[in-house]
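User: Please take a close look at the ligand site in this model. I would like the surroundings of the ligand first, then the helix packing beside the site and any unusual backbone geometry elsewhere.

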Amino acid sequence: MLHAFWKGIGRMNFSFAYSLKKNEVTLTNCDREPVHVPGCIQPFGALLAVNPETGIVTQASANAPEWFNISPEAMTKKPVSEIVGEENGELLAKMVADNKIETYPRYVFSFNGSDILAHLHDGVLILEAEKISSLTEDEERRAYHTVSHISARLRNVKGLQPFCQTLAGEVRGLTGLDRVMIYKFHEDYSGEVIAEAKREDLHSYLNMRYPSEDIPQPAREIFRKIWVRPVPAVDYEPVEVTPLINPATNRPLDMTYCFLRGASVMYTDYLKNMGVAMALTLSIVVEGKLWGLIACHHNSPRQVPWPTRAACELLAQMASLQLKTAENAEYAVYRERMEKASQQMIDEMIESRQGLEALFSASSGLLDFIDADGVAILDNGAWHTRGSTPGKTELRALAQWLRQEFTLTTSGVEVLHTHALSERFAPARNFTELASGMLAIQISRNNEDLVIWFRRELEQTIHWAGDPYSKVVTQGPGGERLLPRTSFDLWKESVHGQSAPWKTVEIEAARRLRLAIMEIMAARLDAVTRENRELAVSNAELDAFAYITSHDLREPLRGIYHYAHFLKESAESRADSDSMEQSESLIRLIRRMDGLIESLLQFSRVGRLQLEKEKVDVGELVQEAADIIYISRTDKKPNITILPGLPAAYGDRPRLRELFTNLMSNAVKYNDGPNPSIEIGFKDGAYFVRDDGIGIPSEYEKVIFQMFKRLHAKDEYGGGTGAGLPIVQKIVERHGGELWLESEPGKGTVFYFTLPEA
Ligand code: ADP
């Protein structure tokens, strides 16, 4: 947008006589365009190069004769005093001798209707003439006065964005130009318009992003050195400097600091394509680094006189100084917010005696803590997610990779972060839109709990105020590629698969949160170990108890069942319809109770029995389970697909058959259609059973694994005792595997689980 395609112009030794005017720059060679030695100036002034030692004029712009009122032949090889008069000549000589000439052009005297500004660079005294400014002395004084007011006003603005917004408004007020944008460079030198003040009827460029190629390194290098860059008429005719090689230095004239310096055709074409007729650019330099630019555009040519430019320069310098403070204040506010959120979460964790899960229920959750689009927690083998995150299967794979990364890294690395996840973890290519940025903390090395924040791809998170590009119709001679639209596409390409980068304050805050969590965990560890020991004992006792009671309860229940039958028969013989109904209800209840006891028995058996592990052909096993289902379900005609490539497992064959039968019969059961589709397969290390049934709302994902918990009335969906999934879970656990599910209500459910390899 600003200085498009001033590409890679190295600061090599440009000793050849380059001229903007003669050497045509095209898109193919523009990356070698020597922007600091263009050999030409803009025609709103004239230039003389003087040997500071001899006072002899060595080079002059072709238009100098009119400006200095001399004949073209007399331009060079003459003492400068012969051109500007004895008195001015002496003044210059004295200033040079007293080291009073700076690198920045400063006013020295007026001559022949022009103000003369002088500066010294690369061993050359450069004089630039500009029409005497129309500002009265009073106006000039006011300009400076205004700047000190502006600076005071800026000091009172809190926060970076408001600061930049005010700055844009003030610069617009000072210059009276149509549009003023604050353009900020990111780490990779791509840029973004973060504030804008403009004529109301113009479309906005706010939030626009540009690739680093738009303002390449050599152009940035110049901006880092100068404060103001005027291009009063984009449509200018370059005026050549003769001779092109300075005879005193034997080098082309280095015009880095000249305000008249000829502007690249690539740049002016780009501006023309945007419908811009004039540009004025101010630099923002923070701690020696080019932080950004204040880019001003006008829709008609306009020369901002040098006193106003000087005021702009002062403003740019002051803004640069204040900006660091504004930025620091911004970080301080953010840091404070993170600290507060972190404290709340920690308090919640302590109070609720919960694990990481508490971080979610805390009133100020993990997403308030750090600016992210999603967050996932792996707490004790269970995933909890919020916002935009990859699916559980992808999370599992990511966690596996993270574990490796955390182990590989030398000690002390407790936070892993990237703003281009797919570059480090290839499977992330499948979910760049959802999660291109990742910041992960591992709670401790021996436990595998994780907290992972995600950021979406940059491209997806930018909110445009309409599409301003569609309104840009003008197309100059530079053609297609020099359009902001193309520029934006280039930017998109360059940030594909990337999120906004993580700030140091964020990484630090995540590290502190991790430490705080670890402290709580450590304090709890003792208590938990003790409780765990007790629990292990009581769990075993409970299993034994459940087994004995359910086994023993069945005896008397069978007796009751017989008596209920007698009662029913006797009522039948008496044709006593009341008693008949009562005894039928009794029989139904007994059957239900028997079902429940049977489930409990099965459940406790899974916990108690020694597993008899062997190599199990899972394909064969699933086929057996499918056969059982085909026979038992006469009301529905399921389509069961067993995908090839089911690896053999090492486990207890009857238990594993029970596992598949349970999941597959649920898949048939919880489906409203007559032909449920079920798919059994293996992906990324996990077996899965997929159905196209009614699905499970995410808030019930835990509940369904509790004993006797059903989501439906007892006779709905073919009835059941609610023991199937707890048994399934226990079987997987006893095999040392993991079980999880992904479900979309109305679409279907996938149960995933891992088993030891054969
Ligand atoms: P039940 O004996 O009731 O089937 P389970 O323990 O097997 O008991 O399942 C518990 C609950 O989980 C069920 O009541 C049902 O609501 C839900 N459920 C289980 N599997 C599925 C599935 N594949 N699709 C939808 N809901 C399911």
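**The ligand shell**

Analyst: By class, the shell around the ligand has 10 nonpolar, 8 polar and 4 charged residues. This is a predicted model. The shell counts 22 residues. Nearest to the ligand are Asn666, Tyr670, Asp691, Arg710 and Leu725.

Which secondary-structure elements each supply at least two residues of the shell? Three do: helix H18 (653-669), helix H19 (724-734) and strand E27 (748-753).

Now the polar contacts. Lys669 uses its side chain: an N or O atom there is 3.0 Å from an oxygen atom of the ligand. Gly722 uses its backbone, with a polar atom 3.0 Å from a ligand oxygen. Leu725 also contributes through the backbone. An N or O atom of its main chain lies 2.8 Å from an oxygen atom of the ligand. How much of the ligand is buried by the protein? Taken alone, the ligand exposes 530 Å², and the protein buries 98% of that.

Next, the packing of H18, one of the elements that supply the shell. Its partner is helix H17, residues 618-632. The two helices pack at an angle of about 50°, and their axes are 9 Å apart. H17 is therefore oblique to H18. The crossing of H17 past H18 is right-handed.

Two backbone details remain, both in loops between strands. The first concerns a proline. Thr242 and Pro243 are joined by a cis peptide bond, with omega about -15°. Pro243 sits in the loop between strand E11 (239-242) and strand E12 (245-246). The second concerns an asparagine. Asn112 is not a glycine, yet its phi is positive, about 55°. Asn112 is placed in the loop between strand E4 (106-111) and strand E5 (114-121).

Definitions and conventions. Residues numbered from 1 in each chain as written. Predicted model: local features only at pLDDT ≥ 70, side-chain atom pairs only at ≥ 80, totals over all residues. Heavy atoms only, no water. Near = heavy atom within 4 Å. Polar contact = N/O pair within 3.5 Å; in protein donor to acceptor, adjacent residues only side chain to side chain. Areas by Shrake-Rupley, 256 points an atom, 1.4 Å probe, with all protein chains shown as cover. Helix = DSSP H or I, 4+ residues; strand = E, 2+ residues; numbered from the N terminus. Nonpolar A, V, L, I, M, F, W, Y, C, P; charged D, E, K, R; others polar. Axes fitted to C-alpha atoms, helices over the stretch in contact; angles between N-to-C directions. Parallel < 35°, antiparallel > 145°, perpendicular 65-115°, else oblique. Left-handed = near helix turned anticlockwise from the far one by under 90°.
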